[in-house]
Every structure is written in structure tokens, then in C-alpha cells.
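Student: I have a model open on my screen and I'd like to learn how to read it. Can you walk me through a few features?

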Amino acid sequence: MFAGDGCLMEGISHEVCSLAGTLKLGKLIVIYDNNGISIDGEVDQWFSEDTGKRFEAYGWQVLSADGHDPVAVSAEIKNAKNNTDQPTLISCKTIIGFGSPNKQGTAATHGAPLGEEEVASVRENLDWPHAPFSIPEDIMQAWDCTEKGFVAESAWKEKLVVYEEEYPELALELVRRIKGELPGYFAEKADEFIQECQQAEVNIASRKASQNSIEAYAALLPELIGGSADLTGSNLTQWSGSSPISENADGNYIYYGVREFGMTAIASGIALHGGFIPYTATFLIFMEYGRNAARMAALMKQRSVLVYTHDSIGQGEDGPTHQPIEQLTALRVTPNMSVWRPCDNVETAVAWKVALERAEGPTALVFSRQGVAHQGRSGEQLAEISRGAYVLIDCEGDPELILIATGSEINICRDAVNQLQTDGIAARLVSMPSTDAFDSQEPEYKEKVLPASVRKRLAVEAGATDYWSKYVGLEGKVIGIDRFGESAPGGVLMEHFGFTAENVVAVAKSFD
């Protein structure tokens, strides 16, 4: 890969390069364009460390070459390939804007056009008389690797044919994984697991339900490779078949250390490589450290499962520094990011299935630290979970009031709806574990769940409130939290901030 001075200033370069050295990734070669210039000018005023020694401290092999000498650079790449025990940094000293008599070696060539006069001077200086965008035939032929690539691809295909003859089942598995397809039996087996979860009726934290889902699905998907940013025991991301790559080269679990940004970016790299489905994990509040990489995964349409636990003030004593408020909204408004916040073990199993089946982008799975109650469902309700929202409790006839909730707040809303119905109010409870999945449904289904005629709507979620206006409307209300939390037991905080059945009932009855 190629990197410049600015790239190696970024914090993520420290995260990933440190880990690469620890894991002895001998196939990794970084060509460092060491020109000493960034947008603001010469970097010695803000980038003065000895980069080579820094990388040696990481455990890398460090080489150097004249970046304008292709023979020298090629020789160092060969030396790098010969060292399979260390990643290699090749520091290539270059002059930015090489050939520009008046601007080379300055920030003026970094991001601005040279201008017609300077371009003419460059042509003269480099003895380049050819027309713009015209490549001489001899140079074109020298750089044309079409035939070389065809020969290499043909040789690989011949090897694959031999492999298919000797190991037909393994060959089919290899091709399936390279194509990014799930096994034909996955959907059926996943549905069986979901049905088992519905019948089990266990009350557990959704992060534990997530671990149970990983246990079930990882056994079906050898391509699943997971990891956590130093929170494995809290995120609950290991399963009985987990094998750390730090101990076994063919392992399926990565201890990332405290590197949320690097971890999330590495997952995209694994997805881009192909043949694997990565999942990563940290606390929801720490998605902020990896947000740019999560956004890039969405932009690049890469399948990656982002597990975020400890999803609200309900996580308790760690206090406001660790209690998410606006993070769910940030994830939900990211284009091409699918977000699920399930309320129990069943919705969790469905969320994991949907995430693994979604090949066109990343999916954020948001789980609680605290226990959540199992919810009873009919077969129809079970089938509708994957649509992002469904009626969990309905009333006789048409509803006059609709409660919408997600995650751990579903249980208090269930109690509230039961009380409202006892008090003679035709109330409906909608569970909405995935807003984007619901938004993608056909208008008829959305009208069935949230009839436009029902204007009394109350959303309940232990997070920022603004996002919910699109579902409750101008006449609706939201019970949420738009300030930082406090340090206290989770249950105490939930009551303090109004996440109780009693408060939900009171707010529901406050509609004119």
C-alpha cells in the first residue's frame, strides 16, 4: 500500500501499524512517499519524529530508496517480499511536484493546478513534447500488462480446475466464499434458531443474546471472523469455536486492543479482500472513535457487522463519559448504514441473521448491558420482525394511541400499554428494532403498522429525541434523553430520567 506524510500523522496509522507489527504481518508492504510536504507546507514544524525508528519500534522492517529511481524501489520491494516475518516500510524520499521548476518541493503542488505557464515549463524541463493525455506507443507497450495478467489468470484457473478435481467440496466452498454468498442452508438453519429463541422465553441482556446468536451462526459460517477492541468479556463476542489469530494463523478471532478506529477500518479491509465476513465490537459510546471507518464501510458498501454494546444510560455506574446519547442517531442518519436495536433474544437472532445476509453495506447491532425481558409473539409477529417494525401488542378495534419503542424500553412500554388498555384507552405498541428496515417496506405495510389517521404517537427510547419526529409527527411526543447522563446504577438512572411504565402512561394520557 502507499502512504504519505499526512497518512502517517493520522492516529489510525499508529493503531493499525502497531498491531501489524505485533501480529508479524509479513505480507504487508507500505511504500512511504516521504516528501516532507503537507497542505500547510514543510512538515518539520508539526511532524518531526524519526518515522523509521517509530516503525522499527513497532516491529517492522524499515528500508529506504530514492523514490524517483524505479530500479531502486523495485529492489527494495523484492527485499521486503523476502522477509515474511515482519511487515515492511519502504521510505521513498521524493520531491513533490518533481519537474516543476518553480513549484517543486513546495505545498503549491499539493492540491492546486500548476497553471498553463508552469505546465509548459514542466514539459520543457522533463523533455516531454507529447500532447496532453497522449501516451507514446512505446511507453504504452512497456506498461501494458494485459498479456501478463491474462497468463497469470489462466494459470490460476488451471490450478483451480485441478483443485476442483481433487477436492470438489472444498473447491465449491472456496468459490462460494470468494463470491460472498452464504450457504444454501443458512436461511433455513437461522430460522430454526430464531424459532428456538422464541420458544426458550429467556430473560437475558441482549449482548448475551448476541453471543448466543454468534454461537449459532458462526458454526454455520466458517468465513465469520470476529474481534473486539479490548472488550471481549464485555461485548461477549467469542463463541466456543473462537481461535485467536495471535495464537493460530488460521484462527477466526482478533484481539484488537484499544484500537476502535483501526479495528473498524481493518474490518473493511477484510471485507474488501473477500472470502470473509468480519464482525467487530466495542461499547456504543466508543463508536465515536471508529465513526469515520464505519462511514467509509457504508460508503464502500462493504459487508461488516458492527457490534455495539452498553447502549444507553441503562449501563449504569460508568457515568456520562460511557453513556451513549446521540450515537444511535448518528448511526441511523449515516447513508447505507443499517441499524438494529433489538428488545430481546428473538429480535437479536433476527438482527444477526439480517446483518449476515446483507451484502451491500455494514450493519450496526446495538445491544444492552442490562437484562431484557423475553416478549411473547405469534407466528405472524415473528415473521414481521425482519421488516424493522411490527405490532407487538394491539388493541380491540382501531388504535387511538400508538407507542413506538426499541430495545430495553420495550418492556416498560408493554407494561404501560397494558395499563392504558385497562384504563379504557385503545393503545397499540409497535416494536421498531430497525428504522431503516421499516422505512424500506411498502407503503401498505407501513400504513398497517402506523396508520396515518392515528396522530397520538409516543416514541420511547433512551437516547436523543429529535430523530423520532419523523415517526411521531408534529403532534406526537417523545420520551428520550437530550442531556448527558449521570453515574448511578442503571435502574436508578432509568427511573430518574423517566423511563418507567408510570411515566409512559402519564405522558400518553397528556395528549389533548
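**Salt bridges, a sheet and a buried arginine**

Tutor: Let's begin with one charged pair: Asp439 and Lys470 form a salt bridge, with their closest N and O atoms 3.1 Å apart. Keep in mind that this is a predicted model.

Student: Where in the chain do Asp439 and Lys470 sit?

Tutor: Asp439 belongs to helix 18 (residues 435-439) and Lys470 to helix 20, so the pair links distant parts of the chain, 31 residues apart. As for surroundings, Asp439 is partly exposed, at 30% relative accessibility.

Student: What counts as a salt bridge here, and how many are there?

Tutor: The cut-off is a side-chain nitrogen of Lys or Arg within 4 Å of a carboxyl oxygen of Asp or Glu. By that rule there are 20 salt bridges. One of them joins Arg455 to Glu475, with 3.2 Å between the closest N and O atoms. Here, too, distant parts of the chain are linked: Arg455 is in the loop between helix 19 (443-449) and strand 18, while Glu475 is in the loop between helix 20 and strand 19, 20 residues apart. Arg455 is partly exposed at 49% relative accessibility, and Glu475 is partly exposed at 47%.

Student: Are Arg332 and Glu461 buried or exposed?

Tutor: Buried means under 20% relative accessible area. Arg332 has 9%, so it is buried, and Glu461 counts as buried at 2%. Their side chains meet in a salt bridge at 2.7 Å, N to O. Arg332 lies in helix 14 (residues 327-332) and Glu461 in the loop between strand 18 and helix 20, 129 residues apart. Both also belong to a salt-bridge network with Asp311, Arg341 and Glu409.

Student: What about Arg207: which side chain of opposite charge is nearest to it?

Tutor: That would be Asp311, at 9.2 Å, and Arg207 is buried yet has no salt bridge. For a case like this, check what else the side chain reaches. Arg207, in helix 10 (residues 206-218), extends its side chain to the backbone oxygen of Ser234 at 2.8 Å. Leaving aside residues up to four places away in sequence, the residues Arg207 touches include Asn235, His310 and Phe367.

Student: Now the sheet. In what order do its strands come?

Tutor: To read a sheet, go across it strand by strand. This open sheet of five strands runs 15-17-16-18-19, with mixed pairing. Strand 15 (390-393) and strand 19 (477-479) are at the edges with a single partner strand each, so one side of each has no neighbour in the sheet. On average, neighbouring strands are turned by 30° against each other, direction ignored.

Student: Which way do the pairs run?

Tutor: Strand 15 and strand 17 run antiparallel, joined by three bridges, with Val391 partnered by Val430. Strand 16 pairs with strand 17 in the parallel sense over five bridges, where Leu401 stands opposite Ala427. Strand 16 (residues 401-405) is also parallel to strand 18 (residues 457-460), over four bridges, and Leu403 has Leu458 as its bridge partner.

Student: Why is strand 17 called largely enclosed?

Tutor: Five of its five residues are buried, so strand 17 is largely enclosed by the rest of the structure. Look at the directions too: Ala427, Leu429 and Ser431 point one way, Arg428 and Val430 the other, and all are buried. Helix 17 (residues 409-422) lies across strands 15, 16, 17 and 18, running at about 165° to strand 17.

Definitions and conventions
Residues numbered from 1 in each chain as written. Predicted model: local features only at pLDDT ≥ 70, side-chain atom pairs only at ≥ 80, totals over all residues. Heavy atoms only, no water. Helix = DSSP H or I, 4+ residues; strand = E, 2+ residues; numbered from the N terminus. Buried < 20%, exposed > 50% of the residue type's maximum accessible area, 1.4 Å probe, protein only. Lys, Arg positive; Asp, Glu negative; His and termini not counted. Polar contact = N/O pair within 3.5 Å; in protein donor to acceptor, adjacent residues only side chain to side chain. Contact = heavy atoms within 4.5 Å. Pairing = 2+ DSSP bridges. Axes fitted to C-alpha atoms, helices over the stretch in contact; angles between N-to-C directions.
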